[in-house]
Structure formats: structure tokens, C-alpha cells
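Here's a quick briefing to read with the model open beside you. It goes through the helix pairs, the nonpolar cores and one residue in a strand.

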Amino acid sequence: MAYNILVVDDSRIVRTVVSKTLHLTGIDIGEIFEAENGQEALERLENHWIDIVFADINMPVMNGEEMVEIMAQQKMLDETPVVIISTDRSVTRIEKLLSKGVRAYLNKPFTPESVRAVSYTHLTLPTN
């Protein structure tokens, strides 16, 4: 089964690095969608089947925290796991996001192993 993934970050370089890292994980990827902010991410979620979202917090227009709040209100977090990838190491912010339904929080810089582990956990992939 191929998985559709959404990568949300205002930096094109970071989106590219996350996408390349996902390809290194061995996950069967259908399509990787990208968004520059939370508002674009919500539009992608409305128009495409997404199996997992990897999102930054600090972005213009709509940040990751606002995106998560809307997803929680619309019950989207029940079906679509969100993993935050951020440089923000605020324990308070991390706890707040996890309490809203974010499944995992990875710090930048991240490793292919950490992305793979989170993906396998939240996509319920068979372990090899």
C-alpha cells in the first residue's frame, strides 16, 4: 500500500529535505504533497487523501499550532496523524500540541531513523 504524505514548512529547502528523508525510510510512498503554511495544508487535506502530515510550527499566514487546532475542531486528527518537526523545544508548547492530538514531535535536525520510526508507528506499517 502506497502512502500519501503532506509536508508543511515555509522553507522549500526543509520541505525538500523532509521529502528526501522520507524516500530513505523505505516506506511505500504514493505521493508527497507540499504546503508552505497551515492554510495551504488544510486545502491539500480537503482535496487529497493524506495518510500522515509532517509540519513545522513557525510559518507565516497560518502556523502549525493554528493548523492543528482547526484539524482538531474538524476531527481530522482522528484519521490523519500529524507529526511536528520543529526547532522549537518549548516543553509547554510540545505538551500543548500533543494534548490537542499531535502524534509525535521531532526536533530539527532530525534523522532518517527518527522519521522512519515515527512513520512506522503512526502508519501501522509492518516492521521489516
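What follows is a short tour, grouped by topic.

Keep in mind that this is a predicted model. Two helix pairs get a look: helix 3 with helix 4, whose axes sit 10 Å apart, and helix 1 with helix 5, whose axes come within 9 Å. After that come the largest nonpolar core, with its 24 residues, and another core of 19 residues that lies apart from it.

**Helix 3 and helix 4**

- Helix 3 covers residues 64-73 and helix 4 covers residues 91-100, and the two pack at an angle of about 20°.
- Angles under 35 degrees count as roughly parallel, so helix 3 and helix 4 fall into that class.
- The crossing of helix 3 past helix 4 is left-handed.
- On the helix 3 side, the contact is made by Glu65, Val68, Glu69 and Ala72; helix 4 answers with Arg93, Lys96, Leu97 and Lys100.
- By residue type, this contact of helix 3 with helix 4 has 5 charged, 3 nonpolar and no polar residues.

**Helix 1 and helix 5**

- Here the axes of helix 1 (residues 12-24) and helix 5 (residues 112-122) cross at roughly 70°.
- That angle makes helix 1 roughly perpendicular to helix 5.
- Thr21, Leu22 and Leu24 from helix 1 touch Pro112, Val115 and Ser119 from helix 5.
- The contact of helix 1 with helix 5 has no charged residues, with 4 nonpolar and 2 polar ones making it up.

**The nonpolar cores**

- In soluble globular proteins, nonpolar side chains tend to be buried together.
- In the largest nonpolar core, the residues with the most contacts inside it are Leu6, Val53, Met67, Val82 and Ile84.
- Two or more residues of this core come from each of strand 1 (3-8), strand 2, helix 2 (38-47), strand 3 (52-55), helix 3, strand 4 (82-86) and helix 4.
- Leaving out residues up to four places away in sequence, Leu6 touches a list of partners including Phe33, Ala41, Leu45, Ile52, Val53 and Phe54, as well as Glu34 and Arg44.
- Val7, Ile85, Leu106 and Phe110 are among the residues of the other core.

**Gly30**

- Is Gly30 buried or exposed? Its relative accessibility is 44%, so Gly30 counts as partly exposed.
- Gly30 belongs to strand 2, which spans residues 29-35.
- Beyond its neighbours within four places in sequence, Gly30 is in contact with Ala2, Tyr3 and Asn4.
- Arg12 is 18 residues from Gly30 along the chain, and their C-alpha atoms are separated by 20 Å.

How values were computed. Residues are numbered from 1 along each chain as its sequence is written. This is a predicted model: local features need pLDDT of at least 70, side-chain atom pairs count only at pLDDT 80 or more; totals for chains, interfaces and linings use all residues. Side-chain values use heavy atoms; hydrogens and water are left out. Axes are lines fitted to C-alpha atoms, for helices over the stretch in contact, and angles run from 0 to 180 degrees between N-to-C directions. Helices (H or I, at least four residues) and strands (E, at least two) are DSSP runs, numbered from the N terminus. Angles under 35 degrees count as roughly parallel, over 145 as roughly antiparallel, 65 to 115 as roughly perpendicular and the rest as oblique. A crossing is left-handed if the near helix is turned anticlockwise from the far one by less than a right angle, and right-handed if clockwise. Contact means heavy atoms within 4.5 Å. Ala, Val, Leu, Ile, Met, Phe, Trp, Tyr, Cys and Pro count as nonpolar, Asp, Glu, Lys and Arg as charged, and the others, Gly among them, as polar. Buried means under 20% relative accessible area, exposed over 50%, partly exposed in between (1.4 Å probe, protein chains only). A nonpolar core is a set of buried Ala, Val, Leu, Ile, Met, Phe, Trp, Tyr and Cys residues joined through side-chain atoms within 4.5 Å.
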